[in-house]
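Hi,

Here is the structure I promised to pass on to you. Have a look at it first, and then read on for what turned up in it.

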Amino acid sequence: MRKRADSTAERVRPERQPGRGPRPAWVRLIVLLVLSVVADGVIGSIYSGVQGNAVALLIVGVLAGPLLAWLVLLGYAEMVRVLERRQAGEVGRPGAVAEVRRGTLLGIGLFAITIAIIAVFGGYGIHGWGNPAAAIGAFGMTCAVAVAEEVMFRGVLFRIVEEKTGTWGAMAVSAILFGGLHLINSGATLFGAVSIAIEGGLMLAAAYTLTRTLWLPIGLHLGWNFAEGGIFGTNVSGSSDHTLGLFKSTVSGSSLLSGGGFGPEASIIALLVCGTTTVLLLRQARRRGHIRRRKASAAPTQA
């Protein structure tokens, strides 16, 4: 276990470039956040524009989704090089495919468990096949969404805030803002935003803390969201746009069970499933020594 942890740390250790050091944290945070918000907004607008049209969603998802994801990653790596004078090891190629695949399967599995429990208690039902073409398109666009949001919240916000506050402070800040972002969705509720801050914000931050790369949280985010909308046909994070998925489905009963119009993420079941996963990820991160403490303030100079 120690040998594996050491190799992981070696793989993601930033490679500083010679010359001047990185820009101040507040400069990096503002510049990178602004650029990330713009990228996320563009991707969200494109996705919303084709959400209700299966043919358009398939074409745009297959052609534009992966390209947009690649451009976001490329732009992030370049801005890190410029602002921080280092290579962005958190989006380095070694292990990328395996980690994204592992995260995607885990995300799909976690949501499948969540929706299965909701269905057992009568909160979800499948009424036939939906649109496979739309599901394929949704996967492509979800790739772009997952990359953009993980770069914004884990690659920029969590990582830079952690430099000052340590892991726990960064998790709190990034989770609160992650939940707050979803309040702008058309079907958003306060309980839904709080739920997604806890289950999504904390779980994805824990995945980044464990691996110290963005690949596992990107895969986890992609798998969960794709299963939610692209496979099981439910609302995603309070978005009330027409959902085209692999299955035609309905949710019913108590919103505490099913999540109501916000989607299953506002369900108590999702909180329990994702909360348990978060604890397990953080326990593993602690064993690997990836929990970082808050930096101590410099002692005052004696006169």
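R81 is partly exposed, with 32% relative accessible area. Its partner E78 is also partly exposed, at 38%. The two form a salt bridge in which the closest N and O atoms are 2.5 Å apart. Both residues belong to helix α4, and they sit 3 residues apart, or about one turn of the helix. Please keep in mind as you read that this is a predicted model.

How many salt bridges does the count come to? The total is 11, and the pair above is one of them.

Next, have a look around E84. Is E84 buried or exposed? With a relative accessible area of 2%, E84 is buried. R86 forms a salt bridge with E84, and there the closest N and O atoms are 2.7 Å apart. R86 is buried as well, at 3% relative accessibility. R159 also forms a salt bridge with E84, with 2.9 Å between the closest N and O atoms. Because R159 lies in helix α6 and E84 in helix α4, this pair ties together parts that are 75 residues apart in sequence. R159 is itself buried, with a relative accessible area of 8%. These residues belong to a wider network of salt bridges, which links R28, E84, R86, E90, R159 and E163. In general, side chains of opposite charge can pair when their charged atoms come close.

Now for a contrast: E199, in helix α7, which covers residues 190-211. Why does E199 have no salt bridge, although it is buried? A salt bridge needs a side-chain nitrogen of Lys or Arg within 4 Å of a carboxyl oxygen, and the nearest side chain of opposite charge to E199, that of R154, is 12 Å away. E199 does have a polar neighbour, though: a polar atom of its side chain lies 3.4 Å from the backbone nitrogen of L271. Setting aside residues up to four places away in sequence, E199 touches E265, S267, A270, L271, C274 and T278.

One of those contacts, C274, brings us to the cysteines. C274 is buried, at 1% relative accessibility, and C143 counts as buried too, at 16%. How many disulfides does the count come to? The answer is 0.

Finally, the nonpolar core. As a general point, nonpolar side chains in soluble globular proteins tend to be buried together. Here the largest nonpolar core has 67 residues, and the members that touch the most others are I43, Y76 and V151. At least two residues of this core come from each of α2 (25-50), α3 (54-63), α4 (65-84), α5 (96-120), α6 (132-181), α7, α8 (215-231) and α10 (268-287). Which helix gives the most to the core? That is α6, with 18 residues. To see part of the core up close, try V151: apart from its neighbours within four places in sequence, V151 is in contact with S36, V72, L73, Y76, V156 and L214. Y76, one of these contacts, is also among the core members that touch the most others.

Happy exploring, and best wishes!

Key:
Residues are numbered from 1 along each chain as its sequence is written. This is a predicted model: local features need pLDDT of at least 70, side-chain atom pairs count only at pLDDT 80 or more; totals for chains, interfaces and linings use all residues. Side-chain values use heavy atoms; hydrogens and water are left out. Helices (H or I, at least four residues) and strands (E, at least two) are DSSP runs, numbered from the N terminus. Buried means under 20% relative accessible area, exposed over 50%, partly exposed in between (1.4 Å probe, protein chains only). Lys and Arg count as positive and Asp and Glu as negative; His and the chain ends are not counted. A polar contact is a pair of N or O atoms within 3.5 Å; within protein, one must be able to donate a hydrogen and the other to accept it, and residues adjacent in sequence count only if both atoms are side-chain atoms. Contact means heavy atoms within 4.5 Å. A nonpolar core is a set of buried Ala, Val, Leu, Ile, Met, Phe, Trp, Tyr and Cys residues joined through side-chain atoms within 4.5 Å. A disulfide is a pair of cysteine sulfur atoms within 2.5 Å.
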